Every structure is written in structure tokens, then in C-alpha cells.
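This report follows one protein chain from its overall make-up to its sheet and then to a single charged residue.

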Amino acid sequence: MDPIEFIQMSASSIASTMHKLKLKYNPFSEKPIRGNTKFFVGRVSELREIGEILGSALHGSVANAAIVGTKGIGKSSMLNIIYYATKKQGHWVVEMTASQVTPRQFLIQLLYNILTENIITMSGTIKTDYMEHSNRILDMYRKLNNYGDKVPIHYPRERIERDLEYLINEVKSPDRLCIILIDEADQFAKKSCLSLLQFFHSFLYEEGILTFMAGSPTLMDDLTKISPPIKDRIPKIINMPPLSKDESYDLIIRRLEDAHVEGSDELDPFTENAIHRIVEECDGIPRKIIMTCSESISIAIKHGLTKIDEDVVKKAIHSLGISVGHQILNHLTPAQSEIVKVMAKLGGSATVTQLSEYLKKSPSTIGTHLSDIYEMGYIYKERDGNNVYYILSKELRDVLIGEDDELEI
């Protein structure tokens with residue numbers, strides 16, 4: 001068969017199966033919410049706290065904040081809500097990701113994003129409010145327009161910092177905030193980022209700058225270990241707890257409602273037991289809920305089903321557990337990977353002493369690696385008398401230990 005025709009036929013068959021499932025499309029996207037609040041569920045107390053922080057900052061009482069929680073809890077979606085809420089009010093807003101960049105690259109990205117998101121139009125011209133500063137702004141823009149590997153070497157960090165301060169203090173109007181949203185901020189807890197944190201000590205203390213950093217539950221402890229003064233610069237901590245069961249149901253039903261064809265029931269194509277199983281298994285973690293629903297729909301399409309029952313959900317959970325487990329193994333260092341594999345051989349849990357004896361390495365070395373894996377959320381620990389047992393996460397257990405029988409539809 002002609003490959004183009006084959007692709008077209010496959011696409012057509014999926015569309016047909018989707019219609020049988022009473023869906024116009026798969027509504028369970030893993031992408032963060034981009035200004036679309038109809039899928040945003042719960043978080044009333046966290047939103048109220050953010051509103052109070054913004055209100056105080058507008059009246060000169062700036063309190064930078066850390067938004068912390070486990071992976072998939074919705075930190076990125078919360079940053080996006082802040083972005084659109086504050087952008088609508090006319091503030092300067094910049095979205096950043098802290099991962100895999102050097103301090104200098106981060107500052108270059110920050111400067112470039114302030115220019116392109118707030119001062120320079122999409123056509124490359126300066127917004128009318130800032131024309132009096134046009135010469136210097138255009139000079140910055142020309143240097144940064146192709147930032148990255150192409151950034152001119154003669155644009156040193158000191159110049160970047162001076163230009164940032166110029167934009168904040170001279171160009172930005174006093175009645176507007178410059179709001180910096182930093183995702184994956186755990187990257188800053190590396191010793192290589194100490195100079196960047198030291199820059200933030202003064203930068204984050206200026207009037208008119210408000211920063212929200214999102215990261216793991218240990219973000220502030222980790223940053224403080226590297227640079228103790230940073231704790232005073234980020235005094236607010238907003239914890240993101242799991243969704244309640246009612247909120248988890250609401251998350252699923254809202255998305256289904258948006259994708260239903262005419263005449264669908266509220267839960268279509270899921271059975272009530274299937275939805276209940278998803279809510280129970282996903283522990284209120286939005287990303288887990290979304291991924292499980294999406295994988296269940298994919299399995300239903302593959303097998304030509306018209307209904308997603310509890311068995312399909314079990315298959316999806318099993319499939320995702322193995323998939324995530326492989327991703328975790330790829331993320332670990334060789335030494336960390338060796339430790340979790342030994343833990344699997346020992347039944348899924350072990351003490352530092354047991355691992356040290358098995359691997360013939362010092363307890364301090366094993367303990368350091370376990371601490372790092374624990375902080376990443378890939379293992380857990382429980383105390384039993386005088387012993388502390390480290391336990392593999394479900395995702396690692398699925399891929400390293402597995403199950404006796406393959407689940408069948």
C-alpha cells in the first residue's frame with residue numbers, strides 16, 4: 001500500500017473511533033494551561049494568597065514567593081494563571097525556565113524576554129510608551145535578537161546587569177510591576193549558580209520587581225544551603241497540595257464536557273467505576289490524572305472500544321508506570337541507577353547498610369546517593385525501629401520488578 005494512503009487511512013480510522021467514544025478530540029492534554037481558565041480546578045486558598053501578594057506589591061510591600069509541590073501538582077499551570085492575570089493588568093511579565101542554563105545565559109534570557117514580551121512589538125518596533133529610550137533599547141535588542149550561541153562575546157555579564165537595572169528603574173513606569181515567573185527553579189540550588197543568587201539578593205529587593213519561583217517541596221531549603229540570604233528575599237512559600245477527590249472528579253468532567261459530541265452522557269466514554277479508579281490511583285496529582293485518562297483513551301482507540309471500563313484504566317496505569325519508570329532510570333546517574341537496581345533485587349527496599357554490603361561501597365557514599373534520589377522523589381523512606389528503609393517508588397518498582405502477568409483487555 002502507498003505509505004501516504006496508509007497514513008491517511010490510519011488517521012481516518014482514529015477519527016472514526018474517537019466519534020464512537022463520543023468525543024470530538026482527546027481533551028487530556030499534558031500542556032500547562034495557557035490563559036484558558038475553564039480547565040483550572042480548585043486552588044482557592046493559593047489564588048487568594050497570590051492575589052494578596054500582588055496587592056501588597058502594588059503598594060510598595062514586595063514579598064517574592066516560592067510555589068512548591070511535587071512533580072505534576074500544577075505549579076506550571078499556576079505560573080501561567082499568574083502570567084495572564086498580571087499581563088491583563090498591564091504589568092511587565094516574563095516567563096522563564098531555570099533548567100539547563102548557566103547564570104549568564106539565564107540573565108541574557110531574562111533581559112531578552114523583558115524586551116520582547118513587554119517593550120518590543122512582534123514586528124520589531126518599540127511600543128510608543130518607550131520611544132524616549134529608543135536608542136538604548138534598540139541597541140540591547142540588536143545584541144540579543146539572536147541570543148544563545150550567537151550572543152556577541154563583547155556583551156559581558158556586567159553590561160547585562162546594568163541594562164536590566166536600566167529597564168527596571170528608568171524605562172518601566174512606577175505604577176507597573178515587573179513580574180518574573182521562574183519554573184524549575186531547583187536548578188538554582190547548584191553551586192555553579194551561587195553568583196546568580198548573589199545577583200538576585202539585590203535585584204529582587206528593588207521596588208517594582210516581584211518574583212515567583214516554582215520548584216520542589218525542598219526548593220527553599222536547597223537554595224538556603226547554597227546562599228542563606230536568599231531566604232530573606234523570598235519570604236513567602238505557597239504550598240500546592242494534591243487535589244481533593246471532588247476536585248479530581250471536576251478536573252476530569254470539565255475536560256470531557258468540552259470534548260463531548262452532542263447527546264453524550266456526563267462521564268462518556270468512561271464508566272463510573274473507571275473514573276473512580278483513576279481518582280483513587282492518582283492521589284490528586286493533576287498530571288497523573290490527565291496522563292491516565294489520555295492513555296486510557298489511546299488504548300480504547302487501539303482496540304476499537306466504545307467504552308472505557310476499569311480494566312482499560314488498569315492497563316493504562318500499568319503502561320504509564322513502566323514508561324515513567326524508564327524515564328526515571330534514564331535520568332539517574334550510573335551510580336544511582338546501580339543502587340535502585342540493587343534495591344529491586346532486595347525486594348524493593350533496603351537500608352544503607354544492606355546496600356553498602358551488597359555494593360561493597362562506603363555507607364557515606366551510598367547515603368549521599370540515596371539522599372539525592374530521595375530529594376528527586378524517586379524513592380521513599382520509612383523508619384522501622386532503629387533502621388531506616390529506602391523504598392522504590394511505584395514507577396521504579398513497575399519497571400525493575402514488574403508484575404507476574406501482563407494485563408489484558
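In this predicted model, the secondary structure of the protein chain comprises 17 helices and 8 strands. The C-alpha atoms occupy a box of roughly 70 × 65 × 50 Å along the principal axes, and 46% of the 409 residues count as buried. Among the contacts in the chain with a separation of 6 or more, 74% are accounted for by residues 24 or more positions apart.

**The sheet**

An open sheet is formed by 5 strands in the order 2-3-4-1-5, and its pairing is parallel. Strand 2 (92-97) and strand 5 (236-239) are the edge strands, each pairing on one side only, and neighbouring strands of the sheet are turned by 15° against each other on average, with direction ignored. Strands of a sheet pair through backbone hydrogen bonds, in either a parallel or an antiparallel manner. The table lists pairings of this sheet, with one bridge from each.

| Strand pair | Sense and bridges | One bridge pair |
|---|---|---|
| Strand 3 (residues 178-183) and strand 4 | parallel, 5 bridges | Ile-179 and Leu-210 |
| Strand 1 and strand 4 | parallel, 4 bridges | Ala-65 and Phe-212 |
| Strand 1 (residues 65-68) and strand 5 | parallel, 4 bridges | Ile-67 and Ile-238 |

Strand 4 (residues 209-215) is largely enclosed by the rest of the structure, because 7 of its 7 residues are buried. In a regular strand the side chains alternate between the two faces of the sheet. In strand 4, Ile-209, Thr-211, Met-213 and Gly-215 point one way, whereas Leu-210, Phe-212 and Ala-214 point the other way, and all of these residues are buried. Two of them have already appeared as bridge partners, Leu-210 opposite Ile-179 of strand 3 and Phe-212 opposite Ala-65 of strand 1.

**A buried arginine**

Where does Arg-43 lie, and what surrounds its side chain? Arg-43 belongs to the loop between helix 1 (3-20) and helix 2 (44-58). Although Arg-43 is buried, it has no salt bridge, and the nearest side chain of opposite charge, that of Glu-46, is 4.1 Å away; a salt bridge would need the charged atoms to lie within 4 Å. A polar atom of the Arg-43 side chain does, however, lie 2.8 Å from the backbone oxygen of Ile-73. Ile-73 is also among the residues in contact with Arg-43 once neighbours within four places in sequence are left aside, and the others are Met-78, Met-240, Pro-241, Pro-242, Leu-243, Glu-247 and Pro-286.

Conventions
Residues numbered from 1 in each chain as written. Predicted model: local features only at pLDDT ≥ 70, side-chain atom pairs only at ≥ 80, totals over all residues. Heavy atoms only, no water. Pairing = 2+ DSSP bridges. Helix = DSSP H or I, 4+ residues; strand = E, 2+ residues; numbered from the N terminus. Axes fitted to C-alpha atoms, helices over the stretch in contact; angles between N-to-C directions. Buried < 20%, exposed > 50% of the residue type's maximum accessible area, 1.4 Å probe, protein only. Lys, Arg positive; Asp, Glu negative; His and termini not counted. Polar contact = N/O pair within 3.5 Å; in protein donor to acceptor, adjacent residues only side chain to side chain. Contact = heavy atoms within 4.5 Å.
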